[in-house]
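Subject: Structure handover

Hello,

Here is the structure I promised to pass on. Please open it alongside this note; my findings follow below.

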Amino acid sequence: MTRSIASISVGIALTISGASAACGQAAPGAAPLPGTGDSTKISSGNRENNAEYNRLIGAADPKAPARDSQATTKSTPVPATAADIKVGSALRDVNGVHIGTVSQVDPDGVIIDTGTSKVKVPASGFGKDGGGLLLNVTAARFNELIAKAHAGH
């Protein structure tokens, strides 16, 4: 009887030691253990999946603005011709910020109504793109030049 108990306990011990050795080794192609993955690769993969999902959902959303319509509203600026500069036309700065409206076109310049003052600007400073007329300065610089002109008078 002692002999059968000893052989059973040896058999159990061998089975347990073999099982723990097998558990410690991962089979080729098996998934990594939790917490041992490369977080940078995982995060990058998640970002790519989310971006693709959002692109697909956005393409199917009828309320989403079409990319083509956005591209046509803005184009590369080109110099404006005399025919482009018309009374009543809105005027934007190089960043697209509204700075005034064309109130008068004269042979020696264009009068811009900013809402607080009127300023004559040479026609050579105008450009245009898909959104309309542009002035080749920023709104801040334009307002600074107006302030200097008023201070000089």
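Start at Leu91: its bridge partner in β3 is Gly100. On the β7 side, Leu91 has Leu133 as its bridge partner. Please keep in mind that this is a predicted model.

**Around β2**

Leu91 makes a good way into the sheet. β2 spans residues 90-92 and β3 spans 98-106. The two run antiparallel, joined by three bridges. They form a hairpin, with five residues between the strands. Gly96 sits in that turn and has a positive phi of about 90°. With β7 (residues 132-135), β2 pairs in the parallel sense, over two bridges. In general, strands of a sheet pair through backbone hydrogen bonds, in either the parallel or the antiparallel sense.

**The sheet as a whole**

The sheet is open and has seven strands. Their order is β1-β6-β7-β2-β3-β4-β5, and the pairing is mixed. β1 (78-79) and β5 (118-121) are the edge strands, each pairing on one side only.

Next to β2 and β3 comes another hairpin, this one joining β3 to β4 through two residues. β4 covers residues 109-113 and pairs with β3 in the antiparallel sense over five bridges. One of the partnerships here is Asp106 with Gly109 in β4.

**Asp93**

Which loop holds Asp93? The one between β2 and β3. Asp93 is buried yet has no salt bridge. Arg92 offers the nearest side chain of opposite charge, 6.9 Å away. A salt bridge here would need a side-chain nitrogen of Lys or Arg within 4 Å of a carboxyl oxygen of Asp or Glu.

What does the Asp93 side chain reach instead? Two backbone nitrogens are worth a look. The backbone nitrogen of Ala139 is reached at 2.7 Å. The backbone nitrogen of Gly96 lies 2.9 Å from a polar atom of the Asp93 side chain. This is the same Gly96 that has the positive phi in the hairpin turn.

The wider surroundings of Asp93 are easy to list. Leaving aside residues up to four places away in sequence, Asp93 touches Ile99, Leu134, Leu135, Val137, Thr138 and Ala139. Of these, Leu134 and Leu135 fall in β7 (residues 132-135). Ile99 falls in β3 (98-106).

**Thr116**

Is Thr116 buried or exposed? Thr116 counts as exposed because its relative accessibility is 77%, and the cut-off for exposed is over 50%. Thr116 lies in the loop between β4 and β5. The side chains of Thr116 and Thr114 share a polar contact of 3.3 Å. Thr116 and Gly100 are 16 residues apart in sequence, with their C-alpha atoms 9.5 Å apart in space. Gly100 is the β3 partner of Leu91, where this note began.

**The chain overall**

The protein chain has four helices and seven strands. From the N terminus on, the elements run α-α-α-β-β-β-β-β-β-β-α. Of its 153 residues, 18% count as buried. The chain exposes about 11300 Å², with carbon and sulfur atoms supplying 61% of that area. Take the contacts between residues at least 6 apart in sequence: 45% of them join residues at least 24 apart.

When you open the model, I would begin with Asp93 and its two backbone nitrogens, on Gly96 and Ala139. Then follow the sheet outward to its edge strands, β1 and β5.

Best regards

Methods:
Residues are numbered from 1 along each chain as its sequence is written. This is a predicted model: local features need pLDDT of at least 70, side-chain atom pairs count only at pLDDT 80 or more; totals for chains, interfaces and linings use all residues. Side-chain values use heavy atoms; hydrogens and water are left out. Buried means under 20% relative accessible area, exposed over 50%, partly exposed in between (1.4 Å probe, protein chains only). Contact means heavy atoms within 4.5 Å. Accessible areas come from the Shrake-Rupley method with a 1.4 Å probe; for residues, only the protein chains shown count as cover. Lys and Arg count as positive and Asp and Glu as negative; His and the chain ends are not counted. A polar contact is a pair of N or O atoms within 3.5 Å; within protein, one must be able to donate a hydrogen and the other to accept it, and residues adjacent in sequence count only if both atoms are side-chain atoms. Two strands pair if DSSP finds at least two bridges between them.
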